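Here is a short tour of one protein model, meant to be read with the structure open beside you. Turn the view as you go and follow the residues as they come up.

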Amino acid sequence: MDTNRLSKTLAAGLNTQMTKEAAAAQIYLSYASWASSAGYDGISNFLFRHANEERSHMMKFLEYILQRGAKVKIEAIPAPPEDPTSVQDCFSKVFESEIDNTKAIYKLVKMSLEEEDWATWNFMQWFVKEQTEEETMAMNLLDKIKVAGGLKASGDALYELNRDLRGTPDDAALAETKTAENP
């Protein structure tokens with residue numbers, strides 16, 4: 001008896017996204033290693049934590065594919081891009097990577113809607129929310145480096161940014177969680 005509850009196209013798309021999440025973890029690992037080598041231990045710690053988060057996302061996809069009775073296909077992941085040239089370049093690359101991931105998530109949401117696979121559509125809503133948080137986090141990082149002076153940020157400004165990121169929580173607050181009492 002066939003217990004697979006995913007179409008071939010959705011199973012393939014979910015497997016592709018699982019690999020994309022693994023690649024995102026590698027990108028964060030690469031940038032974290034660069035930051036550590038450059039002496040930015042706070043930025044490095046922040047990026048290492050995000051690498052673990054991306055790996056967790058990969059596992060969510062793997063577990064979902066298995067739960068729906070489909071076959072998990074483990075693929076090779078591409079090497080991360082070149083090291084950043086600056087803190088600003090690092091955060092710009094993080095933002096670009098998150099935008100790319102959001103587009104892939106939206107494609108899966110659309111596919112599940114078109115196929116009327118409500119279980120997968122529901123599963124993907126967590127990732128829609130997560131990508132909103134990830135994009136907000138990346139935009140906030142870009143804003144911080146802009147305030148610090150961008151490419152011309154002083155050593156003091158980079159020192160403070162590095163120190164601040166060491167303890168920065170990983171999640172950005174979403175607008176939908178805000179109220180008049182809790183702005």
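## A walk through the helices

Start with N15, which lies in helix α1. This is a predicted model, so the values here are all computed from its atoms. With a relative accessible area of 8%, N15 is buried. Setting aside residues up to four places away in sequence, N15 touches I65, K71, V72 and K73.

One of those partners, K73, also takes part in a salt bridge: K73 pairs with E75, and their closest N and O atoms are 3.3 Å apart. K73 itself is exposed, at a relative accessible area of 51%, while E75 is partly exposed at 40%.

**Two nonpolar cores**

Now look to the interior. The largest nonpolar core holds 24 residues, and the members that touch the most others are I43, L47, V87, F91, V94, I145 and L165. At least two residues of this core come from each of α1 (8–37), α2 (41–67), α3 (87–114), α4 (118–148) and α5 (155–167). The largest share is that of α1, with 6 residues.

I145 is a good place to pause. Beyond its neighbours within four places in sequence, I145 is in contact with V87, Q88, F91, G150, A153, L158 and L161. There is also a second, separate core of 20 residues, which includes A22, L62, I65 and M111. I65 is thus a member of this second core and also one of the residues that N15 touches.

**Along helix α3**

How far apart are the end C-alpha atoms of α3? They are 41 Å apart, which agrees with the 40 Å that its 28 residues should span at 1.5 Å a residue. After α3 comes E116, whose phi is positive, near 55°.

Within helix α3 sits N101. Is N101 buried or exposed? Its relative accessibility is 4%, below the 20% cut-off, so N101 counts as buried. The side chain of N101 makes a polar contact of 3.3 Å with the side chain of E21. Leaving out residues up to four places away in sequence, N101 touches Q17, K20, E21, E54 and Q131.

K20, one of those contacts of N101, leads us to the charged pairs.

**Salt bridges**

The structure holds 6 salt bridges; three of them are set out here.

| Pair | Closest N to O distance |
|---|---|
| D100 and K20 | 2.6 Å |
| K73 and E75 | 3.3 Å |
| K110 and E114 | 4.0 Å |

The bridge between D100 and K20 links distant parts of the chain: D100 is in helix α3 and K20 in helix α1, 80 residues apart. Both ends can be located by their exposure, too. D100 is partly exposed, with a relative accessible area of 40%, and K20 is partly exposed at 25%.

The pair of K110 and E114 sits within a single helix. These two residues are 4 apart in helix α3, so about one helical turn separates them. In general, an α-helix has 3.6 residues a turn, so residues three or four places apart point the same way. K110 is exposed, with a relative accessible area of 52%, and E114 is exposed as well, at 57%.

Technical notes: Residues are numbered from 1 along each chain as its sequence is written. This is a predicted model: local features need pLDDT of at least 70, side-chain atom pairs count only at pLDDT 80 or more; totals for chains, interfaces and linings use all residues. Side-chain values use heavy atoms; hydrogens and water are left out. A nonpolar core is a set of buried Ala, Val, Leu, Ile, Met, Phe, Trp, Tyr and Cys residues joined through side-chain atoms within 4.5 Å. Buried means under 20% relative accessible area, exposed over 50%, partly exposed in between (1.4 Å probe, protein chains only). Contact means heavy atoms within 4.5 Å. The expected span of a helix is 1.5 Å times one less than its number of residues. A polar contact is a pair of N or O atoms within 3.5 Å; within protein, one must be able to donate a hydrogen and the other to accept it, and residues adjacent in sequence count only if both atoms are side-chain atoms. A salt bridge is a side-chain nitrogen of Lys or Arg within 4 Å of a carboxyl oxygen of Asp or Glu.
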